Amino acid sequence: MDLSGAIDVNTDFQEDAGRKDPDLYSPLLQEFHRRLWNKPLPSGRVFELTADKIGRVHVLRHRTSAAEFVLSSDTLANSSRGARRSFYDEMGPAANEKWHRDGGSIGGRLLFPRNRIDGKQTINQQRGTHPRIRDRFDLTLEAIRRHYEADVSPLSETLERYEEFFALFESFDGYVEFFLLQDLVDDGGAVKFYGPFDGYVGPVLPDTMDEYRTFRQGQLDFVAARNARILEQVAKS
C-alpha cells in the first residue's frame with residue numbers, strides 16, 4: 001500500500017481541477033486514489049495502479065497477465081439538483097456549498113472502469129442515466145451485490161461486461177472491504193438505502209422536502225464514515 005504523502009479527507013478538489021470536473025481533471029484526486037487503492041486484493045496480489053492520461057483526462061491503469069483495466073473516479077454523493085431543483089434551492093446556498101464540499105471529498109469518490117466495451121455505456125454512464133438508478137450510489141451498490149449473487153438488477157447487463165474487474169475482488173464482501181464501503185452495508189451483508197427500497201420498482205428520487213433532507217443527510221453520513229475509515233487505513237500504513 002502506497003500512502004506516502006498526506007491524504008487529507010477535507011480536500012476540495014475543485015481548485016485542483018481548474019473548476020472543472022475533478023473526477024476527470026484533478027491530478028491530486030488521481031494521486032489520492034492511486035495511494036489508497038494500491039494495496040493487496042483478496043487474492044494477495046497487489047492492485048497496482050499506474051497514473052496516466054487519456055487526452056487531458058486523468059486515469060489509472062491496472063494490468064494483469066490477462067487484461068488491462070482503465071479506471072477513473074466518480075462521485076458517490078448526488079444532490080439531484082437537476083431533477084429536484086426546487087428542493088435543492090430551498091436548502092439554501094450555504095447548505096448546498098457545504099454539501100458539495102463535504103460530499104466531494106475523497107470519501108465520496110470511487111474508481112470504476114472507464115473503458116467502453118462493445119461501444120456501450122460504462123458503469124458510470126449507465127448508473128447516471130438509468131431511470132431506476134438516477135446516479136444513486138446505494139442503488140448502484142445493491143446492483144453490484146446482486147451481480148456477485150448472480151441476481152438481476154437494472155445494471156445487470158452493464159456490470160456483466162465488466163466481470164473481469166469485479167472478479168478481482170472475488171465477492172461482494174471483498175469488494176466492500178477493499179473500497180471501504182462497510183458503512184453502507186449492514187451486519188447481514190444487505191445494503192443500507194438512503195430511503196425506502198422496493199426492488200427497483202417505485203420512485204427513485206425523494207418526493208417531499210423532508211425526504212430530500214433525509215436523502216442528502218444519509219449520503220453525507222456515509223461519506224463522513226468512509227472518510228474516517230480512510231484515515232484509519234492511512235494510520236495503519
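Helix α6 is mostly tucked away in this predicted model, with 11 of its 12 residues buried. It runs over residues 137–148 and spans 16 Å from first C-alpha to last, close to the 16 Å expected at 1.5 Å a residue. The buried set takes in nonpolar side chains such as Phe137, Leu139, Leu141 and Ile144, but Asp138, Glu142 and Arg146, which count as charged, are buried too. The cover over these residues comes from several elements, including strand β4 (109–113) and the helices α5 (123–129), α7 (156–161), α8 (163–167), α9 (172–178) and α10 (209–236). Just past the end of α6, Ala150 adopts a positive phi of about 60 degrees.

Turning to empty space, the largest pocket holds about 540 Å³. Its lining counts 22 residues, and Gln14, Thr75, Arg81, His100 and Arg109 sit closest to the centre. Helix α1 (22–25), strand β3 (68–75) and helix α4 (93–103) each put at least two residues into this lining, and α4 gives the most, with 5. Sorted by class, the lining of the largest pocket comes out as 11 charged, 7 polar and 4 nonpolar residues.

The second largest pocket offers about 320 Å³. Here 19 residues make up the lining, with Arg136, Gly195, Pro196, Pro203 and Val204 nearest the centre. Helix α10, which also helps cover α6, is the top contributor to the lining of this second pocket, with 3 residues. By class, the second pocket's lining splits into 11 nonpolar, 5 charged and 3 polar residues.

How values were computed:
Residues are numbered from 1 along each chain as its sequence is written. This is a predicted model: local features need pLDDT of at least 70, side-chain atom pairs count only at pLDDT 80 or more; totals for chains, interfaces and linings use all residues. Side-chain values use heavy atoms; hydrogens and water are left out. Helices (H or I, at least four residues) and strands (E, at least two) are DSSP runs, numbered from the N terminus. The expected span of a helix is 1.5 Å times one less than its number of residues. Buried means under 20% relative accessible area, exposed over 50%, partly exposed in between (1.4 Å probe, protein chains only). Contact means heavy atoms within 4.5 Å. On a 1 Å grid over the protein atoms alone, a cavity is a set of points where a 1.4 Å probe fits but cannot get out, and a pocket is an open set with protein on both sides within 12 Å along at least five of seven lines; lining residues have an atom within 4 Å of a point. Grid points are joined across faces, edges and corners, and a volume is the space filled by probe spheres set on the points.
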